[in-house]
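This report describes the fold, the nonpolar core and selected side-chain arrangements of one protein chain. The sequence and the structure are shown first, and the description follows.

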Amino acid sequence: MRYRLPVAYLLWLISGFGALGLHRFYLGKVGTGVLWIFTVGIAMMGSIYDLITMRRQVEDANAIALYRERLAAGHVDGHSQGVEVKDS
């Protein structure tokens, strides 16, 4: 899956400026999405943080999705010292 920055910002906007955490659910952060719902985006401070860091969050979500895809396809070896990506 490829996450897109405009979609994340749109979800942030329509969820009450991030208060309901829809953008977090979209980016695969279900735990903090639930937390955002029950705490109104941690009293809106977390929502402001998300507004500032949204680009990085989308990049991280895409990197994690790519890693999971490569892992499922058998292109990644996990080692105790780190992760090595095999050349295809």
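From the N terminus on, the elements of the protein chain follow the order α-α-α-α-β-β. The count is thus 4 helices and 2 strands. The model is a predicted one.

**Overall character**

The protein chain has 88 residues, and 31% of them count as buried. Its exposed surface comes to about 5900 Å², with 66% of that area supplied by carbon and sulfur atoms. Among contacts with a separation of 6 or more, 41% are between residues 24 or more positions apart.

**The nonpolar core**

In soluble globular proteins, nonpolar side chains tend to be buried together. In this model the largest nonpolar core has 11 residues: Tyr 3, Leu 5, Ala 8, Leu 11, Trp 12, Tyr 26, Leu 27, Met 54, Val 58, Ala 61 and Ala 65. Two or more residues of this core come from each of α1 (5-14) and α4 (45-72).

Val 58 serves to illustrate the contacts of one core member. Apart from its neighbours within four places in sequence, Val 58 is in contact with Tyr 3, Arg 4, Leu 5, Ala 8 and Leu 27.

**Aromatic pairs**

A pair of aromatic rings is described by the distance of the centres and the angle of the planes. The structure holds 2 aromatic pairs, which are listed below.

| Pair | Centre to centre | Angle between planes | Arrangement |
|---|---|---|---|
| Tyr 3 and Tyr 26 | 5.3 Å | 85° | edge-to-face |
| Trp 12 and Phe 17 | 5.6 Å | 75° | edge-to-face |

The pair of Tyr 3 and Tyr 26 links distant parts of the chain, 23 residues apart: Tyr 3 belongs to the segment before α1, and Tyr 26 to helix α2 (residues 22-26). Tyr 3 has a relative accessible area of 11% and is therefore buried. Tyr 26 is likewise buried, because its relative accessible area is 18%, and buried means under 20%.

In the pair of Trp 12 and Phe 17, Trp 12 is buried at a relative accessible area of 10%. Phe 17, by contrast, has 47% relative accessibility and so counts as partly exposed.

**Polar residues of helix α4**

Is Asp 50 buried or exposed? Its relative accessible area is 0%, so Asp 50 is buried. Asp 50 lies in helix α4, and its side chain is joined to that of Arg 24 by a polar contact of 2.7 Å. Not counting residues up to four places away in sequence, Asp 50 touches Trp 12, His 23, Arg 24, Trp 36 and Gln 57.

Two of these residues, Arg 24 and Trp 36, are also arranged with respect to one another: Arg 24 lies over the face of Trp 36, at 4.2 Å from the ring centre. Asp 50 thus touches both Arg 24 and Trp 36.

Asn 62 is also placed in helix α4. With 14% relative accessibility, Asn 62 counts as buried. Which residues does Asn 62 touch, not counting those up to four places away in sequence? They are Met 1, Arg 2 and Tyr 3. Tyr 3 is therefore a contact of Asn 62, a buried residue in its own right and a member of the largest nonpolar core.

Notes:
Residues numbered from 1 in each chain as written. Predicted model: local features only at pLDDT ≥ 70, side-chain atom pairs only at ≥ 80, totals over all residues. Heavy atoms only, no water. Buried < 20%, exposed > 50% of the residue type's maximum accessible area, 1.4 Å probe, protein only. Contact = heavy atoms within 4.5 Å. Areas by Shrake-Rupley, 256 points an atom, 1.4 Å probe, with all protein chains shown as cover. Core = buried A, V, L, I, M, F, W, Y, C linked by side-chain atoms within 4.5 Å. Phe/Tyr/Trp six-rings, centres within 6.5 Å; stacked < 30°, edge-to-face > 60°. Lys NZ or Arg CZ within 6 Å of the ring centre and 35° of its normal. Polar contact = N/O pair within 3.5 Å; in protein donor to acceptor, adjacent residues only side chain to side chain.
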